[in-house]
Amino acid sequence: MNRPEEYRALLEEGPTPGQRAFAGAAAVSLEEAQHRLLAELAPLAGEVVPLGEALRRHAARDVRAPRPVPAEPRAALDGYAVRCEDLGTLDTDAIVWLPLAGQQAAGLGAPAPLPPGAVHRVATGAVLPQGADAVVRWEEVEVRRTAHGMVEVGFRRALEAGEGVVPAGEEAAQGQLLLRVGSRVDAAAAGRLAVAGLQEVVVRRRPRVWLITLGDELLAPGAPYQTGGTYDSNGVMLAGWLRCLPVELTVRGPLPDDLAALTAGLSEATEAGADLVITSGGISAGPYDLVAPALEALAGRILFRQVRVHPGKACAAAIVRGVPVVAVPGSPSAAAVDYWVLVRPALVRLLGGRWEPLRLRLPLAGGYPRPSRQRRLLWARLLAGPDGAPWVQAGAVQRSSAVASLAGASCLVEVPAGSGPVPEGERVTTWLLELEASETSDEAATSGRR
Ligand SMILES: Nc1nc2c(c(=O)[nH]1)N[C@H]1C(S)=C(S)[C@@H](COP(=O)(O)OP(=O)(O)OC[C@H]3O[C@@H](n4cnc5c(N)ncnc54)[C@H](O)[C@@H]3O)O[C@H]1N2
Ligand code: MOO
């Protein structure tokens with residue numbers, strides 16, 4: 001924490017013309033800001049990785065089943081494989097005895113064909129012998145040994161073809177789409193590829209992300225407290241969210257409010273091949289707010305300079321030497337909103353996915369007490385409402401400087417500009433932050449390319 005003498009003079013002078021211009025710039029809507037930023041980004045190159053390293057990354061190609069899954073019909077039960085026609089139309093009083101002609105455990109290759117009028121003992125997952133068309137569980141049959149030492153199996157009911165059988169190709173036909181380009185590989189998706197015998201997948205490479213926090217007033221977490229100091233919580237919080245994504249993260253800061261230090265930090269990131277740079281702090285209109293002057297000094301192409309949303313208004317994006325830079329505000333809740341509504345969409349795009357949070361209209365538990373001149377986003381959590389259906393509840397502390405209501409929040413609730421207070425139970429648009437609609441539907445994955 002350090003305020004050099006020369007900055008006292010700066011404070012007396014007030015904002016520079018550049019800062020004034022930046023602060024006075026017309027704010028764009030959140031959707032326009034997202035559009036301008038995403039339009040500059042493209043999915044990164046693909047690379048082949050083992051399934052275990054693909055988690056949370058997005059497929060760079062469609063993946064199709066190299067063979068049917070399962071490749072042959074399999075027994076779904078431990079029991080006996082039979083030809084249904086050999087049992088005819090049994091009723092409960094009758095019993096049909098058929099000789100045991102063989103047995104088949106799982107994993108033992110192709111069994112001998114089932115002779116007509118006989119049965120095979122089979123284990124769950126065993127290949128069904130050719131000729132068999134049903135499997136009955138062993139609990140349902142009787143077994144006896146004849147005078148000649150032969151084993152016979154007694155059936156008391158008829159079976160339908162297909163009963164107790166997993167047909168070949170039930171899970172996937174040969175060539176069926178298992179993973180669509182752009183979809184995220186989670187553990188289940190990786191398992192689905194492994195089931196088809198695949199061991200690797202082509203996913204987008206990890207974005208190289210730089211996070212730079214700024215502010216002379218910032219103290220490293222754990223440092224002794226000094227009056228007026230503020231602990232660098234954004235560094236911890238934003239890095240924490242970034243580390244939940246498959247990125248290569250470099251964290252710098254807190255840097256001093258110094259133009260040379262900031263331009264050096266941004267230059268270092270662009271020279272190191274950053275795919276995205278995030279700065280925190282120094283983006284509003286004060287004399288120490290040097291992000292705009294730094295972007296200017298580096299001949300950055302500004303994409304937008306303020307967003308019509310609160311918290312999170314003081315946010316800008318630029319392309320600096322070909323690298324996208326998103327400047328989020330220092331105020332922690334504002335930085336967090338901009339992370340979720342701007343940085344995260346950008347990252348998902350670089351990762352090769354489509355950012356589209358699931359938006360639901362849900363009743364607001366407890367309401368929201370204030371009118372809102374600006375479009376507002378509130379940190380909120382899902383809960384079971386009085387009717388047992390999902391409701392949403394906004395945290396009590398929504399000021400842009402406070403993080404108290406972020407912990408445990410799973411959604412953002414919208415209060416449209418010029419509305420509020422919101423009464424208890426009124427439906428509000430709720431963005432479920434972690435549930436991206438594009439990633440939720442398996443049917444979408446099988447219905448062809450977009
Ligand atoms: N004259 C105007 N003043 C302000 C405006 C404006 O339009 N005109 N916008 C306000 C809004 S909105 C916000 S949000 C803040 C954002 O300011 P900055 O991005 O310039 O952020 P700082 O001034 O650097 O810091 C603001 C606040 O946050 C604390 N901070 C900063 N970095 C961190 C960090 N890494 N971890 C935790 N806390 C941090 C900092 O100490 C300040 O208290 O500007 C309004 N002003
Ligand atoms: O960016 Mo400021 O958050 O609107 O509070």
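## A helix end out in the open

Let's start with Gly24, which is exposed, with a relative accessible area of 60%. Keep in mind as you look around that this is a predicted model. Gly24 belongs to helix α2, which covers residues 17-24. Now look for Ala285: it is 261 residues away from Gly24 in sequence, yet the two C-alpha atoms are 8.7 Å apart in space.

For a contrast, try Gln199 and Gly300. These two are 101 residues apart along the chain, and their C-alpha atoms are separated by 43 Å. Gln199 sits in the loop between α4 (187-195) and β12 (200-204). Is Gln199 buried or exposed? It counts as exposed because its relative accessibility is 61%, and the cut-off for that label is over 50%. Leaving aside residues up to four places away in sequence, Gln199 touches Val49, Pro50 and Leu51.

## A glutamine tucked away

Gln104 is a handy partner to compare with Gln199. You'll find Gln104 in strand β5, residues 96-104. With a relative accessible area of 9%, Gln104 is buried, since that label applies under 20%.

What does Gln104 touch, once residues up to four places away in sequence are set aside? Its contacts are Gly109, Ala110 and Pro111, then Arg121, Val122 and Ala123, and finally Ala126 and Val127.

## Around ligand 1

Next stop, ligand 1. The space it takes up is the largest pocket. Three elements each give two or more residues to the shell around ligand 1: strand β15 (230-231), helix α5 (233-243) and helix α8 (332-350). There are 21 residues around this ligand, and the ones that come nearest are Glu217, Asp232, Ile283, Ser284 and Gly330.

Some backbone atoms are worth zooming in on. A backbone N or O atom of Gly330 is 2.9 Å from an oxygen atom of ligand 1. Gly282 also has a backbone N or O atom by an oxygen of the ligand, this time at 3.0 Å. For Tyr231, a backbone N or O atom lies 3.5 Å from a nitrogen atom of ligand 1. How much of ligand 1 does the protein cover? On its own the ligand has 870 Å² of accessible area, and the protein covers 68% of that.

## Helix α5 and its cap

Helix α5, one of the elements in the ligand 1 shell, deserves a closer look. Its buried residues are Asn234, Gly235, Met237, Leu238, Ala239, Trp241 and Leu242. An α-helix has 3.6 residues a turn, so residues three or four places apart point the same way. What do the buried residues of α5 pack against? Their partners are the strands β13 (208-214), β16 (248-255), β17 (276-280) and β20 (323-328), along with helix α8.

Asp232 turns up here too. It caps the N-terminal end of α5, with a side-chain oxygen 2.9 Å from the backbone nitrogen of Gly235. That's the Asp232 listed among the residues that come nearest to ligand 1.

## Around ligand 2

Ligand 2 has its own surroundings: Val309, His310, Pro311, Gly312, Lys313, Ala314, Pro329, Ala334 and Ser400. In the side chain of His310, an N or O atom is 2.9 Å from an oxygen atom of the ligand. A polar backbone atom of Lys313 is 2.7 Å from an oxygen atom of ligand 2. Ser400 offers a polar side-chain atom, which lies 3.1 Å from an oxygen atom of ligand 2.

## Odd bits of backbone

Most residues other than glycine have a negative phi, and most peptide bonds are trans. With that in mind, where are the unusual spots? Arg56 has a positive phi, near 75°. It sits in the loop between β1 (46-50) and β2, and it is partly exposed, at 37% relative accessible area. Ala299 has a positive phi as well, about 55°. Its place is the loop between α7 (291-297) and β18 (301-304), where Ala299 is exposed, with a relative accessible area of 64%.

Then come the cis peptide bonds. One runs from Val69 to Pro70, with omega near -10°, and Pro70 lies in the loop between β2 (63-64) and β3 (74-75). Another runs from Gly420 to Pro421, with omega near -5°. Pro421 is in the loop between β24 (411-415) and β25 (427-436).

Notes. Residues are numbered from 1 along each chain as its sequence is written. Chains are lettered from A and ligands numbered from 1 in the order in which they are written. This is a predicted model: local features need pLDDT of at least 70, side-chain atom pairs count only at pLDDT 80 or more; totals for chains, interfaces and linings use all residues. Side-chain values use heavy atoms; hydrogens and water are left out. Helices (H or I, at least four residues) and strands (E, at least two) are DSSP runs, numbered from the N terminus. Buried means under 20% relative accessible area, exposed over 50%, partly exposed in between (1.4 Å probe, protein chains only). Contact means heavy atoms within 4.5 Å. A residue is near a molecule or strand if one of its heavy atoms lies within 4 Å of it. A polar contact is a pair of N or O atoms within 3.5 Å; within protein, one must be able to donate a hydrogen and the other to accept it, and residues adjacent in sequence count only if both atoms are side-chain atoms. Accessible areas come from the Shrake-Rupley method with a 1.4 Å probe; for residues, only the protein chains shown count as cover. On a 1 Å grid over the protein atoms alone, a cavity is a set of points where a 1.4 Å probe fits but cannot get out, and a pocket is an open set with protein on both sides within 12 Å along at least five of seven lines; lining residues have an atom within 4 Å of a point. A molecule sits in a cavity or pocket if more than half of its atoms lie within 2 Å of its grid points.
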